[in-house]
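Hi,

Here is the structure I promised to pass on. Have a look first, and then read my notes below.

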Amino acid sequence: MLFALFTQLGWADNPIFQTYYSPDPAPMVLGDTLFVYSGNDQGGSFFTMNGWRVSSTTDMVNWTDRGTIIFSHNDIPYAKEAGDWASQCIPRNGKFYYYVTVEASDGGGGRAINVGVADRPEGPFKDALGKHLAGPNWDYIDPTVFIDDDDQAYLYWGNPKLYYAKLNKDMISFDGGIHVTDMSRGFAPNGEGSKYTEGPWIHKHDGKYYMIYASHGIPESISYSMSNSPTGPWEWKGIILGNSGSSFTNHSGVIDFKGRSFIFYHNGDLPGGGGYNRSTAVEEFTYNADGTIPHVEMTKIGVKKPIHLLDPFVRVEAETKAFSYGLEAGQNNNGVYMTKIHNKDYIKVRCVDFGDAGADFFTASVSSKNDASIEIHVDKQDGELIGTLKISNTNGAWKEIECEVTNIVGEHDLFFVFKGADRTELFDFDYWYFTSNAVIVPQSPYNGEMHSIPGKIEFEDYDEGGQNRAYYDEDMENQGELYRNDRVDIVTVLPENDPAEGYAIGYTSEGEWMEYSVNIKETREYEFETRVACGLNTSGIQLYLDNKEISQNIEVPNTEDWDTYTIVKGKTTTELSEGEHILKVMLTGAYANLDWIRFLGNGDETQTIELKNNPLHFPLSVNIYSIDGRFLGTTILSSAYTQEISQQLHDAGYATGTYLMKGQNFNRVVICK
């Protein structure tokens, strides 16, 4: 375990990432979110770094891990292993351009600047040129990029000199040659100059240009110079940060976010840290009245006041945290989650606002092969225990599990403390949220009318009451956005060859369920028929009455797509008792569309109606989902050819894997190669 030496109580929140070493931080603001890109120290006796990573925040106190490795030497021609040094990302032209340092394997060796490009700030990034943008040259390290108010972009880099070049609007070529900047202007009374060393960072504030950089050799401090022009001359203004003592290098980035100013830097303060295992930290500061930057003290707490309080009543990713002990981030086609969770590991989430009504229930999405629990404490790791979520073996499937909590109101820090057998990986943790009795609707029939048995039940007319009460839907997004406004995904049933156009449950996953308040008119066994569709050999349903099985598994046949429906017949395995009950329909497999179920009365006959495909019209807008049904994005298809669709996914930056695509009259599983 990387950070097993953490003191378990009272550890502060700098460095801000604890699951990996994160040198050379480079912040970037995009709307309401601040991203921090960093390196990935591997330790040893030199700066051994493989790949780059990124995390983000909206509140400056809780940080969301956005991916394991977003770009590396493996993606870059003529780049050696273990030489992935400092970097910076910037948005332009609807793309994200990522300037990185590599160790070159061509041109006699040396360092070089390369550029990656992606459609999303978290990547994945692809090499944009097939060659170095600058270099090889042993001086060429630590790029910083800047777009001025006149839309001219500049790239700076270098040790021991500061180099710069203008970038063309394509962001991957230079407009003119490479220049060297004079950093020697401005001397302190004792004759001390700027002492530029490396790690430049340029930004603009109130019309002034600031060049931040590591200075004074080894051990490094952080100094800055100012100018009225992005190309200088630069006048040294002093030291912002002294050497931390735990790392003999430093590298910083200064940025304004939501009207406040922050400086990011690295130190060696994590357990096992030091000169070759460095980690990102952050401090807030305020510019002096004349625009100069004050001396900033390095602290253990970092940012004290959040940009905003965290809302616990919406989905919060488990990888969003102020601090964590022991566990690590994992990633698959569905995104990032927390893994390698052991007994007594924990997560701290700061500045959570439960409001005046407070919370009464806690829900977490977990995947487990062992029994375990999550203890929910407030304000301290061993603070008040407000609830314990019991986790049983889910056989590796992702499941939402709910528990009651002691009503908690107002603002608090949260600690999720994990418990289970020692020396065992307990479970994986995807996301969490709280709910309140103040917003929970008691379970009741939809539109106030109970369904009759015998009779027909439209699957979209499940009970009122919400998640984990009247239904369970694995995905928090409403993919269909039809008929009802909750988490259940409802789609249109196309009318061709069917006089009763209506709705069906769609985008289903194994383990989801809906409940229906029913009034059974006569005690007996019942035959039934249900109208379903599925484009794969993956799905089935099972019926329960008052949580007791009343049917065998009902296989949903492969109808070749999700717009071709068929009738499946069955019979209850036991008598259904006269009176009022709760009927549950459980998905035993994924990707079925469910239209209706009809319990037959004496003398009723079954019928079979199939719905045919409607023609496709291109260009066609489709939604893209992971194979377990999680929404990933949208795209426009120009044809129905599988090979062309696969290539389009690949070009859009999707990882190799299997995806589900759905649009008007279009449902298809596509493999991105």
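Below are my notes on two sheets and one serine.

Keep in mind that this is a predicted model.

Let's start with the sheet whose strands run in the order E9-E10-E11-E12. This is an open sheet of 4 strands with antiparallel pairing. Strand E9 (144-147) and strand E12 (179-181) each have a single partner strand, so one side of each has no neighbour in the sheet. On average, neighbouring strands here are turned by 30 degrees against each other, ignoring direction. If you want a spot to zoom in on, strand E11 (residues 162-167) pairs with E12 in the antiparallel sense over 3 bridges, and Leu162 sits opposite Thr181 in E12.

Further along there is another open sheet of 4 strands, also antiparallel, in the order E13-E14-E15-E16. Its edge strands are E13 (196-205) and E16 (235-241), and each of them pairs on one side only. In this sheet the average turn between neighbouring strands is 25 degrees, again with direction ignored. Strand E15 (residues 221-227) runs antiparallel to E16, and 5 bridges join them. Ser225 stands opposite Trp236 in E16.

Now the serine. Ser38 belongs to strand E2 (residues 33-38). Is Ser38 buried or exposed? Its relative accessibility is 1%, and buried means under 20%, so Ser38 counts as buried. Leaving out residues up to four places away in sequence, Ser38 touches Tyr20, Ser22, Pro23, Asp24, Trp52, Arg53, Tyr98 and Thr280.

Cheers

Note on methods
Residues are numbered from 1 along each chain as its sequence is written. This is a predicted model: local features need pLDDT of at least 70, side-chain atom pairs count only at pLDDT 80 or more; totals for chains, interfaces and linings use all residues. Side-chain values use heavy atoms; hydrogens and water are left out. Helices (H or I, at least four residues) and strands (E, at least two) are DSSP runs, numbered from the N terminus. Buried means under 20% relative accessible area, exposed over 50%, partly exposed in between (1.4 Å probe, protein chains only). Contact means heavy atoms within 4.5 Å. Two strands pair if DSSP finds at least two bridges between them. Axes are lines fitted to C-alpha atoms, for helices over the stretch in contact, and angles run from 0 to 180 degrees between N-to-C directions.
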